[in-house]
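Student: I have a chain in front of me and would like to work through some of its features. Could we take them one at a time?
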Amino acid sequence: MGERLELKLKSPVGAEPASYPWPLPVYDKHHDAAQEIIETIRWVCEEIPDLKLAMENYVLIDYDTKCFESMQRLCDKYNRAIDSIHQLWKGTTQPMKLKRRPSPGLLRHVLQQVYNHSVTDPDRLNNYEPFSPEVYGETSFDLVTQIIQEMEMVEEDTFVDLGSGVGQVVLQVAAATSCKHYFGVEKAETPARYAESMDREFKRWMKWYGKKHGEYTLERGDFLSEEWKDRIANASVIFVNNFAFGPEVDHQLKERFANMKEGGKIVSSKPFAPLNFRINSRNLSDIGTIMRVVELTPLRGSVSWTGKPVSYYLHTIDRTILENYFSCLKNPKLREEREAARRRQQKENRDSKSSSTAKVLCREGGRWGSWR
């Protein structure tokens, strides 16, 4: 047998080099190792401006991804450039940019790399009983970014992903925010096993780029088990893709959410209480009495199972809703004032929506752009 061929990329911070076997593997119809190598070099250039000009003008302009010698020359030039940068840095402090959390663009690339190297057979993730609680569906990078922006998480927060699949949501949030800890729990065997590889690859690549991330735990388990009751109750931010969950699982989750702390947040793909929930004497035991629900702006392509926009819902634990209800029962005048305020708010919302619709119709010449 001949010598095993491989390509190596040196780490910008001196970590273990990344190795790629030749022939370069194809991960799926959209991703392959050749493109990953090129994109990785480009992202290192973004992190090290001293490297960018030379690489983009003289190196990343002439290569053949099908030819080993050509790709080897490309990698060798990159590696020599990295060696030169390391020589420049000797005796000085490395640029702080290399020790920060990754930019959104780099993080997207890292997570794709991690997925490419971990999930060796994506089709196996689809081997489930249709419409069962274990239906697997991945959440897009852009949707998680939107959720992060809506959450405004802080260092005291604990983030939990219930049904975390291969773990990509936990990894993204851990790299993009500064919570105390991040947890992911997955019941199904195949995604949970892939999550173990995702964990290893994520730590390896983040170290390779010299990037920080928060402490996280990905584990296999059942979030409806007894041991998870307290963990859910103590979580400050919960993500749950419950789109395919049945009423029984949703009901059990509601029971657990009822024990969450004031201000706790839950993001889900199906609301746990109606958006227009109104408390009355007949629904005092409903979870809607202690949470406010708003719909996040739908994103097209936000999940793996459909290209259509899918709505997500932000729930905030707020027990003053129930307290105010009982206060109003004791004080009819207060109830009338709050009812009047509620009607005014509804009217303002309708007027605002009508105004926005009119502007869109005007801008599109009386036609909705998406219908063209």
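Student: Which residue meets E227 in a salt bridge?
Tutor: This is a predicted model, in which local features need pLDDT of at least 70, side-chain atom pairs count only at pLDDT 80 or more, and totals for chains, interfaces and linings use all residues. Residues are numbered from 1 along each chain as its sequence is written, and side-chain values use heavy atoms, with hydrogens and water left out. A salt bridge is a side-chain nitrogen of Lys or Arg within 4 Å of a carboxyl oxygen of Asp or Glu. At 3.8 Å, N to O, the partner of E227 is R231.

Student: In which helix do E227 and R231 lie?
Tutor: Helices are DSSP runs (H or I, at least four residues) and strands likewise (E, at least two), numbered from the N terminus. E227 and R231 are four residues apart, about one turn of the helix. Both lie in residues 227–234, which is helix α8.

Student: Is E227 buried or exposed?
Tutor: Buried means under 20% relative accessible area, exposed over 50%, and partly exposed in between (1.4 Å probe, protein chains only). R231, at 25%, is therefore partly exposed. E227 has 55% relative accessibility, so E227 counts as exposed.

Student: Which residues are joined into one network by salt bridges that share partners?
Tutor: One of the bridges to look at is that of E6 with R4, where the closest N and O atoms are 3.2 Å apart. E6 is partly exposed at 27% relative accessibility, whereas R4 is exposed at 59%. The network consists of R4, E6 and K8.

Student: How many salt bridges does the count come to?
Tutor: Another example is E201 with R204, at 2.8 Å between the closest N and O atoms. These two residues lie three apart in helix α7 (residues 189–209). By the rule given above, the count comes to 15.

Student: Is E201 buried or exposed?
Tutor: Its partner R204 has a relative accessible area of 33% and is partly exposed. E201 has 15% relative accessibility, so E201 counts as buried.

Student: How are α1 and α7 oriented to each other?
Tutor: Axes are lines fitted to C-alpha atoms, for helices over the stretch in contact, and angles run from 0 to 180 degrees between N-to-C directions. The axes of α1 (residues 33–47) and α7 come within 11 Å and cross at roughly 45 degrees. Angles under 35 degrees count as roughly parallel, over 145 as roughly antiparallel, 65 to 115 as roughly perpendicular and the rest as oblique. The two helices are therefore oblique.

Student: Which residues of α7 make the contact with α1?
Tutor: Contact means heavy atoms within 4.5 Å. On the α1 side, the contact is made by E36, T40 and V44. On the α7 side, the residues are W205, W208 and Y209.

Student: What accessible area do L284, F326 and L329 have together?
Tutor: Patches are made of residues with over 30% relative accessible area and no salt bridge; like charges are joined within 9 Å, nonpolar side chains (Val, Leu, Ile, Met, Phe, Trp, Tyr) within 5 Å. Areas come from the Shrake-Rupley method with a 1.4 Å probe; for residues, only the protein chains shown count as cover. L284 is partly exposed at 31% relative accessibility. The three residues form a nonpolar patch on the surface, with a combined area of about 240 Å².
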